[in-house]
Amino acid sequence: MAFCTMMSAFVLAVYWLKTGIGALLMLAQVAAALAALLRLREAVLETGLVFKAWRYVKASWRGVRRDDIRQLRSYLLASFVPALSAWPVVFSMAGLPFVMHLPGLVPGGEVLFAITTLLFVMHFATGEVSYRRLAGAVVDSLDSRHVCAVSV
């Protein structure tokens with residue numbers, strides 16, 4: 001949801017750069033502020049997911065050397081990076097509405113806008129893939145834990 005809101009803010013900002021209509025800039029700033037709030041909510045949920053999964057793996061699968069549990073641990077380690085890097089993204093998104101007018105004032109500001117958009121898209125994509133893998137591995141480990149408990 002934050003991704004769609006941020007992309008709409010960028011689209012509105014690009015239209016503002018092309019047309020110069022001030023209302024489009026205000027709408028883009030409002031959309032960017034809303035996207036920052038939504039991203040804050042997502043960052044809290046993502047960080048909570050990763051650390052709860054870490055505690056689950058630490059408590060339930062200590063000393064287990066099976067391949068599926070190794071894969072769960074590797075997905076967990078891969079999820080730490082997007083979870084911790086979500087916080088600088090949140091803070092940069094929170095400051096974005098205040099600096100959205102700068103690409104119109106600074107020559108070459110559109111390039112900075114494009115790079116920022118690319119970085120946001122890359123962060124959202126890596127986080128999405130990482131969290132889906134982690135959630136799938138946790139669900140698979142729950143199934144195997146249940147099977148292990150029944151077969152013993």
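Is Phe3 buried, exposed or partly exposed, and what is its relative accessible area? In this predicted model, Phe3 has a relative accessible area of 32% and is partly exposed; the close-up views below begin with its ring and go on to the salt bridges and a buried alanine.

**View 1. The aromatic pair of Phe3 and Phe124.** The rings of Phe3 and Phe124 belong to the aromatic pairs of the model, of which there are four. Phe3 and Phe124 meet edge-to-face, with 5.3 Å from centre to centre and 80 degrees between the planes. Because Phe3 is part of helix 1 (residues 2–19) and Phe124 is part of helix 5 (residues 109–151), the pair ties together parts of the chain that lie 121 residues apart in sequence. Phe124 counts as buried, its relative accessibility being 13%, whereas Phe3, at 32%, is partly exposed.

**View 2. The aromatic cluster of Phe51, Trp54 and Phe80.** One aromatic cluster is made up of the rings of Phe51, Trp54 and Phe80.

**View 3. Arg39 and its salt-bridge partners.** Arg39 is located in helix 2, which spans residues 22–60, and it is buried, because its relative accessibility of 1% falls under the 20% limit for that class. A salt bridge joins the side chain of Arg39 to that of Glu42, with 3.0 Å from N to O. Arg39 and Glu42 are three residues apart in helix 2, so about one helical turn separates them. Arg39 also forms a salt bridge with Glu46, for which the closest N and O atoms are 3.1 Å apart. Both carboxylate partners count as buried, Glu42 with a relative accessible area of 15% and Glu46 with one of 16%.

**View 4. The surroundings of Arg39.** When residues up to four places away in sequence are not counted, Arg39 touches Ala2, Glu46, Ala86, Val89, Val90, Met93, His123 and Phe124. Two of these contacts link this view to the earlier ones, since Glu46 is a salt-bridge partner of Arg39 and Phe124 is the buried member of the edge-to-face pair with Phe3.

**View 5. The salt bridge of Glu128 and Arg132.** Of the salt bridges in the model, which number three, one brings together the side chains of Glu128 and Arg132, at 2.7 Å from N to O. Glu128 and Arg132 both belong to helix 5 and are four residues apart, about one turn of the helix. Glu128 counts as partly exposed at 40% relative accessibility, while Arg132, at 59%, counts as exposed. Elsewhere in the model, salt bridges with shared partners join Arg39, Glu42 and Glu46 into one network.

**View 6. Ala28 and its contacts in helix 2.** Ala28 has its place in helix 2, residues 22–60, and is buried, with a relative accessible area of 0%. Neighbours within four places in sequence being left aside, Ala28 is in contact with Ala9, Leu12, Ala13 and Met100. Among these partners, Ala9, Leu12 and Ala13 have numbers that fall within helix 1, residues 2–19. The C-alpha atoms of Ala28 and Met6 are 8.8 Å apart in space, although 22 residues separate Ala28 from Met6 in sequence.

Terms used:
Residues are numbered from 1 along each chain as its sequence is written. This is a predicted model: local features need pLDDT of at least 70, side-chain atom pairs count only at pLDDT 80 or more; totals for chains, interfaces and linings use all residues. Side-chain values use heavy atoms; hydrogens and water are left out. Helices (H or I, at least four residues) and strands (E, at least two) are DSSP runs, numbered from the N terminus. Buried means under 20% relative accessible area, exposed over 50%, partly exposed in between (1.4 Å probe, protein chains only). Contact means heavy atoms within 4.5 Å. Rings of Phe, Tyr and Trp (its six-membered ring) pair if their centres lie within 6.5 Å; planes under 30 degrees apart count as stacked, over 60 as edge-to-face and the rest as tilted. A salt bridge is a side-chain nitrogen of Lys or Arg within 4 Å of a carboxyl oxygen of Asp or Glu.
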